[in-house]
Amino acid sequence: MGAEKKWLFALFSAAFVSFLIFISTICGFSSSYYAFSSNNPLTTSVDHGPGHPPSFAYYISGGRGDRDRIFRLLLAVYHPRNRYLLQIGAEGTDIERRNLAATVNSIPAIRAFGNVDVVGKPDRLSYMGSTHIAAALRAASILLKMDNGWDWFITLSAMDYPLMTQDDLSHVFSSVRRDLNFIDHTGDLGWKEGQRIQPVVVDPGLYLARRTQIFHATEKRPLPEAFKVFTGSPWVILSRSFLEYCVFGWDNLPRTLLMYVTNAMLSQEVYFHSVVCNAPEFKNTTVNGDLRYMVWDNPPKMEPHFLTLSDYEEMVGSGAAFARQFQKDDPVLDMVDKNILKRGRNRATPGAWCSARKSWLMDPCSQWGDVNVLKPGPQVMVLNQSLSRLLDEWKLQSSHCR
């Protein structure tokens, strides 16, 4: 295939797959998704809105063999006030997904509150392709439709882990404006301009049943003139109002940028960053930080290096809410469970909502009281300091989409 034909095919593919992403996004619940959850009536009311602690919508994703890691992460970040959507990618098996759903529903609180769902028929994800942003947008649309109470959308992978309890996180975010977006971003593209933004790629995972790698057109495209491209960390904490703008798109900017990033490598490092920084309504809501602790190699690789016990002290003192990436069942996770989360094996992280007597036989979260009450622990201080620094920078307008 000649260079001109490849270029034309790439442009055709861009329009086609962008249409597929857009349709799947606005549909919310499509035939590609079904959920496992209990509809048992709540035993206590969950209050949302002003005057009540904030709630979070978690999208937790993993691949084949990640069932146990996803379940452990879910319990580490579980709280009845939040909403959770779990996904094992299409390379996983239906048995894995059903087993994950069965394990999730073995937890009494989850059965009672019915606030955890598992994606039944996930889309295929191609490494470095735009299928990742398509999956994130669909997750956001599902969570918006399923629950009208949450305030922020948090993306996690099976290799992530929290560094504080949900009581800590909700307590600190109680004093934060609920329209703010925590998204590490920059308009200085540097080497990414020539290696990530200008190359034209096509992600076959959007329209082919079998798994295959992305492929490249022979030519590059110039940077757009209608909007400015921003990039940054793919791990975000986004406000509900901004996600509604991205999903429902009451002007054309989210769809325009979706079409553009469909043919960009690692679109999850570009899409939300570019939308929020080009939208007049949201560009001043950007706090330049993702509240993640990561350690990069020098020169940096595609992912940060795996954290171990040697990283523990610096990690917990960093003021980050989450850290990545971890090996499965690494001893450092046990240390976080023991010292910070106070969480037993196969048990949710205790909070003020847990009312059962604590013992090695009894799960303190097998019974519950008022789920709208918080009891922050010592780790809340380092998060509060970290968040205060980020908000001070935001108030000085030094981190607004620069």
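Tutor: A disulfide is a pair of cysteine sulfur atoms within 2.5 Å, and with that cut-off we can read the cysteines of this predicted model. A search of the whole structure finds two such pairs.

Student: What makes cysteine 277 and cysteine 401 a disulfide?

Tutor: Their sulfur atoms are 2.1 Å apart, and since the limit is 2.5 Å, the pair qualifies as a disulfide. The angle about its S-S bond is -85°, and the link is left-handed. Cysteine 277 belongs to helix H10, whereas cysteine 401 is in the segment after helix H13 (380–395), so that this pair links distant parts of the chain, 124 residues apart.

Student: How do you know that cysteine 354 and cysteine 365 are joined, and which hand does their link have?

Tutor: From S to S the distance is 2.0 Å, which again falls within 2.5 Å, and with 80° about the S-S bond the link of cysteine 354 and cysteine 365 is right-handed. Both cysteines lie in the loop between H12 and H13, so the pair ties together parts that are eleven residues apart in sequence. As for accessibility, cysteine 354 and cysteine 365 are buried, and cysteine 277 and cysteine 401 are buried as well.

Student: Which pattern do the disulfides follow?

Tutor: When the bonded cysteines are counted along the chain, the pattern is 1-4, 2-3.

Student: Why is cysteine 246 called buried or exposed?

Tutor: Buried means under 20% relative accessible area; cysteine 246 has 6%, and it is therefore buried.

Student: What is noteworthy about phi in leucine 266, and is that residue buried or exposed?

Tutor: Its phi is near 50°, a positive value in a residue other than glycine. Leucine 266 lies in the loop between helix H9 (253–261) and helix H10 (271–278), and because its relative accessible area is 6%, it is buried.

Student: Why is aspartate 329 placed in its accessibility class?

Tutor: Its relative accessible area is 47%, and partly exposed is the class between the 20% and 50% limits, so aspartate 329 is partly exposed. This residue, found in the loop between S14 and H12, has a positive phi of about 55° although it is not a glycine. Glutamine 325 has its place in the loop between strand S14 (322–324) and helix H12 (331–341), and the peptide bond that leads to glutamine 325 from arginine 324 is cis, with omega near 5°.

Student: How do you know that strand S2 pairs with strand S1?

Tutor: Pairing asks for at least two bridges, and six bridges join S1 (residues 56–62) to S2, the two running parallel; in S2, arginine 83 is the bridge partner of alanine 57. Between S1 and S2 the chain passes through helix H2 (residues 67–77), and this β-α-β crossover is right-handed.

Student: What joins S2 to strand S3?

Tutor: Three bridges join S2 to S3 (residues 116–118), and these strands also run parallel, with leucine 86 standing opposite valine 118 in S3.

Student: What makes S2 (residues 83–88) a mostly covered strand?

Tutor: Six of its six residues are buried. Both faces are covered, with Arg83, Leu85 and Gln87 buried on one side and Tyr84, Leu86 and Ile88 buried on the other.

Conventions. Residues are numbered from 1 along each chain as its sequence is written. This is a predicted model: local features need pLDDT of at least 70, side-chain atom pairs count only at pLDDT 80 or more; totals for chains, interfaces and linings use all residues. Side-chain values use heavy atoms; hydrogens and water are left out. Buried means under 20% relative accessible area, exposed over 50%, partly exposed in between (1.4 Å probe, protein chains only). Helices (H or I, at least four residues) and strands (E, at least two) are DSSP runs, numbered from the N terminus. A crossover is right-handed if, with the strands pointing away from the viewer, the path from the first strand over the helix to the second runs clockwise.
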